[in-house]
Amino acid sequence: MKILFVLLFGVFLNAESVTSSTLRLSGATTIQPIIEKIADAYYKETKEPLLVEGGGTESGIEKVVDGRSQIAMVARNLTEEEKSRFAYMTIAIDAVAIIYNKNQNIKNLTKNELIGIYDGSVKKWKDVGCECPNLIVISRKTDRATLNVFEDYSGLKSPKRKNLPPETKLIRSDAWEAESNINTLLWVAGLKGSIAIVSHAEAERYIAMGYPIRISTVDNIYPSNESIKNGTYPIKRELNLLWQIDNPKVEQFAKWIKNDAFQKAVEELGFVAVDR
């Protein structure tokens, strides 16, 4: 897989050009645009280039553990074990949005309706009051934090997960499994009748660019920055950076991103800023 990284003036170079001074960040594609946005400014001030690669939250953590990456981008709340084992910083708050093709006239789903769509008990859109095309359910791969957050909210588990108790309620076996936010957004934009879970901030950005996507309210609550921040929108998550304890190079970066420029980048990309 070709790995690209952001260097001075936004030039993308092949991974073969990585030097010992390069700081590598791996993981959640939800966080990737934030790091890419501030990479030039960080290089100008520190002369330390940033290499940014996706691959999903769990992949990012694995790469920090085995030394292939210095920082994991984690698009979910950390476990207590992770908090005790690693150094970390919460950089923003995001939500998992429920999206469908703009041509579908449904605007709200209840939690029970959403669970029914994803567990397969809702077979057609008309079962939830929508005269829409054939229902296409899009989930996410098991290494993606968006799926973790949706599983916690819905009580459903991906059928691809191993060693689940027999009584576990599962996401329908015919659901499509997307990798990145971009995959998800492109599928929904092109597929009438589709429904998917995706980063709220990424969905808003693609809608602003003209993609034919609609964000649903859940129990009549829209995932605005206000409802995400105050907790009334029910499917929200932290965005975290995680690294091995006592890494001076990463500590320098962690100190740098406490500045106003980083906060501005977070807000411009549609995420909810947090005090750091």
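**Close-up views: salt bridges and a pocket**

**View 1. A buried pair, R237 and D94.** R237 counts as buried (under 20% relative accessible area, 1.4 Å probe, protein chains only), at 2% relative accessibility. D94 is buried too, with a relative accessible area of 1%. The two form a salt bridge with closest N and O atoms 3.2 Å apart; the term means a side-chain nitrogen of Lys or Arg within 4 Å of a carboxyl oxygen of Asp or Glu. D94 sits in strand β6 (residues 87-101) and R237 in strand β13, so this pair ties together parts that are 143 residues apart in sequence. Strands (E, at least two residues) and helices (H or I, at least four) are DSSP runs, numbered from the N terminus.

The model is predicted: local features need pLDDT of at least 70 and side-chain atom pairs 80 or more, while totals for chains, interfaces and linings use all residues. Residues are numbered from 1 along each chain as its sequence is written, and side-chain values use heavy atoms, leaving out hydrogens and water.

**View 2. A salt bridge within helix α3.** Here K83 meets E80 at 3.7 Å, N to O. They are 3 residues apart in α3 (residues 80-85), so about one helical turn separates them. E80 is exposed (over 50%), at 60%, whereas K83 is partly exposed (in between), at 30%.

**View 3. R172 with D174, and a network.** The side chains of D174 and R172 join in a salt bridge of 2.8 Å, N to O. R172 is buried, at 13% relative accessibility. Elsewhere, salt bridges with shared partners link R24, E53 and K63 into one network. The structure holds 14 salt bridges.
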